[in-house]
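Subject: Structure handover

Hi,

Here is the structure I promised to pass on to you. My notes on it follow just below.

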Amino acid sequence: MNPAERVPLGKTGLRVNRMGIGTGPLGMVHDERIWTEIIDTAWTTGIRTFDTSPFYGFGNSEQRLGRELTKHDRGEYVLATKVGRLLRADGPIEPFAEAYYYPGGMPGDVPRSVYDYSAGAARESLVESRQRLGIDQIDIVHIHDVIELSSEISHIDEATRETYPALAELRKNGVIAAVGVGAQVNRVLTELGENCNFDCFLIAGRYTMLDQSAVDEVLPLCLRKNIAVIIGSPYNTGILHDPRPDSTFDFVQAPSNLIEKARKLKLVCDKYNVPLPAAAIQFPFAHPAVVQVLTGARSAKELQENLRLIQFEIPAELWRDLRNSGLIHPRAPLPGNS
């Protein structure tokens with residue numbers, strides 16, 4: 001797999017790289033040099049697709065990514081951000097997110113996020129994202145999460161009635177090129193996908209070697225409605241990189257059954273001298289709806305490793321072995337039609 005290859009993003013007219021740069025984990029990086037090294041490495045290797053969100057680092061990701069991208073011709077790259085949260089000084093405290101992005105404590109001048117899926121908030125969020133990025137043109141806008149991470153309050157109805165129509169109008173007027181959803185809950189994607197006309201889905205962690213639950217309803221919906229699929233979190237936030245007793249899944253301690261499954265996956269990969277993360281980053285591409293995988297490297301070294309892993313030669317026998325071992329969903333296509 002050539003990570004820099006550009007392919008159509010569904011019906012949008014955009015062309016995205018097979019491997020894009022996701023900046024969720026980078027929201028915790030506050031060293032400008034590291035950002036410069038990562039984006040320079042991506043640019044040098046032909047990567048021209050970048051994904052961010054106001055939530056990542058509570059504005060840190062958009063600000064730093066924007067400073068790096070403004071060094072380049074705007075017509076040379078595809079830029080995605082998200083709506084669904086506004087950044088406000090008086091926003092509620094989110095202990096988990098704040099500890100993740102600011103482990104030393106939240107500085108007093110950093111705003112907190114407020115869930116808001118109203119039409120007005122969607123438009124306001126994009127204005128503020130452009131200001132933080134210092135870039136006027138945003139290509140892809142995803143409705144982010146939709147179900148609140150801590151309380152599990154659902155905003156599916158509001159996203160259908162308010163957020164989507166506001167973004168669809170901006171798409172119709174040529175302000176943005178594509179409207180998507182970025183979520184890790186399959187129900188969000190199926191319900192919104194059935195009722196709205198989306199261009200793409202960013203599926204976070206629900207179509208990986210460890211969790212293929214999106215194959216049942218979400219991915220068939222995407223094929224039926226020509227919704228291009230971007231895969232986020234191909235390593236399920238770490239467990240598919242190096243499964244250990246303290247591995248994380250969806251950013252929290254992985255349950256024992258998933259650790260055991262990840263270890264079984266690794267044993268099969270070891271038999272063929274294939275790194276587990278190489279198989280993990282390549283697996284989603286076998287599905288015809290998938291056009292891109294996002295990687296969330298936190299250093300240039302990690303990015304270079306991902307570039308190597310996505311190009312690693314994997315024998316067809318490995319995929320057949322995983323299927324025969326019951327580790328791959330029977331309806332999940334295997335790379336190379338194995």
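Let's start with M209, which is in contact (heavy atoms within 4.5 Å) with L240, K261, L265, L276, A279, A280, F283, W319, L322 and L327, leaving aside residues up to four places away in sequence. Please keep in mind that this is a predicted model, where local features need pLDDT of at least 70, side-chain atom pairs count only at pLDDT 80 or more, and totals for chains, interfaces and linings use all residues. Residues are numbered from 1 along each chain as its sequence is written, and side-chain values use heavy atoms, without hydrogens and water.

The largest nonpolar core (buried Ala, Val, Leu, Ile, Met, Phe, Trp, Tyr and Cys residues joined through side-chain atoms within 4.5 Å; buried is under 20% relative accessible area, exposed over 50%, partly exposed in between, with a 1.4 Å probe and protein chains only) has 103 residues, and F50, F201 and M209 touch the most other members. Helix α5 (residues 156-172) gives this core its largest share, 7 residues. A second, separate core has 14 residues, including L9, L14, A80 and I230.

Now the helices (DSSP runs of H or I, at least four residues, numbered from the N terminus). The axes (lines fitted to C-alpha atoms over the stretch in contact, with angles from 0 to 180 degrees between N-to-C directions) of α1 (residues 32-44) and α2 (residues 60-69) come within 10 Å and cross at roughly 55 degrees. T44 sits in α1 and is exposed, at a relative accessible area of 70%.

Best wishes

Notes: Helices (H or I, at least four residues) and strands (E, at least two) are DSSP runs, numbered from the N terminus.
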